[in-house]
Amino acid sequence: MPNVAVIGAQWGDEGKGKVVDWLASRADLVVRFQGGHNAGHTLVVGNQTYKLSLLPSGLVRGKMGIIGNGVVIDPEALLAEIERVRGQGIEVTPATLRVAENAPLILPLHAALDRAREAARGERKIGTTGRGIGPAYEDKVARRAIRVADLAEPATLDAKLDELLLHHNTLLRGLGAETFEKPTLMQYLLDLAPRILPFAEPVWERLDEARRAGRRILFEGAQAVMLDIDHGTYPYVTSSNTVAATAASGSGMGPHAIGFVLGIAKAYTTRVGSGPFPTELLDATGQMIGDRGREFGTVTGRRRRCGWFDATMVRQAVTVGGIQGIVLTKLDVLDGLPELKIGVGYRLDGETVSRLPASPAAQAAAEPVFETIEGWSGSSAGARSWADLPAQAVKYVRRIEELVGAPVILLTTGPEREDTIVVRDPFEG
Ligand code: GDP
Ligand code: IMO
Ligand code: MG
């Protein structure tokens, strides 16, 4: 099977964009299958930095990009992003980008509800990106979403907006937020329709043809397994399934089409937003890792919380996410630390457990059990082969491999496209 799926194995921002960009040279199509513009994928190519939220990262390599039905699409954000990357010299036209006609839309009322709810939660806020992702997925499941294809049938929009507004204005009013008017939203949709519809098609057909022709499909995940709506640290999660299985349902292909599943994990751990984080470092080491790793959210600009590598959590992500190989990123950020810790279990109610419990209270109470490993004094930054790595860095990678139960397939040692060590070509399985 020539296809590869890339998913996050922690809480996001592991370097999926960089890895997808690197792998895209070997792929024919790159497909986003869940999430929305809550994602922020950074690609560094020479002196250009690309920050992509909705567009598949393969577009930077000139590869066909597909936005699957599992993605929630903010049409305004999509058009703005297309303009932005065009300004950086990337060609995005209906010849290079196709959007699933059955994908649900994010409208301004979704972002308004997302923010009003977060404000109402106060201390208990989830720390969402405020982009309407959760409310848009709710509408999809509630069968009241307006989808891409609906833009082609303006006569049907009136009744759809009535249903949406009944629901949203009731909630917004209850939350003390501003409500929306039907004529304004109708005009908004009518204006967007001719700009979005040229990209729309049944992408499942194109993907099926590509699969039959033996073309290589690369699935680009957003967020990560610990943010998965079912398997993550609920309720501090995003509103989609982020596991590899979603690559199939979120693009309109069968489960056998997914191919080899790569889980991306940082050599340490970060998290944006609220929620439990057992191996979090609240000291100077955490601060240093954050500074050196430039751990600021691509979408939110918020400082990311930093901590040691949590092997228990990644092992769980490997299992539930269907991960067959690991890409370990940002190893260079740990250069020069005298010693490193790896989380190998949790202490909970006087017992040691080897999985993250489901209850938020238990997750918050879980104390990490650490294994200490010697650091390295040499530099791994920019290394492009095993031979360039300090011996102790290799030991660290090998230990992680053992603990998480999946082989390291690629290793990255810098933000640049070519700062990558290849152990095995994932397209070869
Ligand atoms: P994504 O959401 O998983 O695509 O990750 P982000 O792009 O949000 O965050 C990863 C950040 O780390 C980006 O700024 C990348 O340029 C950067 N990055 C990726 N790989 C490496 C690496 O191996 N070393 C260093 N120092 N930075 C990296
Ligand atoms: P990439 O693809 C890191 C987090 C938010 C918040 C929670 C819910 O760049 O790895 P949402 O707006 O989705 O309802 O927010 O999920 N979150 C991410 N954290 N990386 C991401 O994407 C994220 N997308 C959402 O911070 O805690
Ligand atoms: Mg990101």
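**Chatting over the magnesium site, an aromatic pair and the domains**

Biologist: Hi! Is Gly 40 buried or exposed?
Modeller: Hello! Gly 40 is buried, as its relative accessible area is 12%. Keep in mind that this is a predicted model.

Biologist: Sure. And which residues coordinate the magnesium ion, ligand 3?
Modeller: Asp 13 does so through OD and Gly 40 through its O, at 2.0 to 2.2 Å.

Biologist: Where do Asp 13 and Gly 40 lie in the chain?
Modeller: Asp 13 is in the loop between β1 (4–8) and α1 (16–24), while Gly 40 is in the loop between β2 (29–32) and β3 (41–45). They are 27 residues apart in sequence, so the pair ties those parts together.

Biologist: Nice. Switching topic: how many aromatic pairs are there?
Modeller: The count is 3. One of them is Phe 33 with Phe 219, an edge-to-face pair with 6.4 Å centre to centre and 75° between the planes.

Biologist: What parts of the chain does that pair link?
Modeller: Distant ones: Phe 33 is in the loop between β2 and β3, and Phe 219 is in strand β8 (residues 217–220), 186 residues apart.

Biologist: Are those two buried or exposed?
Modeller: Phe 33 and Phe 219 are both buried.

Biologist: Okay, what sits over the ring of Trp 386?
Modeller: That would be the charged end of Arg 398, 4.6 Å from the ring centre.

Biologist: Last thing, what are the domains?
Modeller: The assignment gives domain 1 (4–101 + 204–260), domain 2 (108–196) and domain 3 (265–428).

Biologist: And how many residues of domain 1 are in contact with domain 3?
Modeller: 43 residues of domain 1 are, meeting 46 residues of domain 3. About 3700 Å² is buried between these two domains, with 63% of that area from carbon and sulfur atoms.

Note on methods:
Residues are numbered from 1 along each chain as its sequence is written. Chains are lettered from A and ligands numbered from 1 in the order in which they are written. This is a predicted model: local features need pLDDT of at least 70, side-chain atom pairs count only at pLDDT 80 or more; totals for chains, interfaces and linings use all residues. Side-chain values use heavy atoms; hydrogens and water are left out. Donors are N, O and S atoms within 2.8 Å of the metal (3.2 Å for Na, K and Ca); water is not among the atoms, so sites may look incomplete. Helices (H or I, at least four residues) and strands (E, at least two) are DSSP runs, numbered from the N terminus. Buried means under 20% relative accessible area, exposed over 50%, partly exposed in between (1.4 Å probe, protein chains only). Rings of Phe, Tyr and Trp (its six-membered ring) pair if their centres lie within 6.5 Å; planes under 30 degrees apart count as stacked, over 60 as edge-to-face and the rest as tilted. A charge sits over a ring if NZ of Lys or CZ of Arg is within 6 Å of the ring centre and within 35 degrees of the ring normal. Domain bounds come from an automatic or database domain assignment. Contact means heavy atoms within 4.5 Å. Buried area is the accessible area (1.4 Å probe) that two parts lose on being put together, summed over both.
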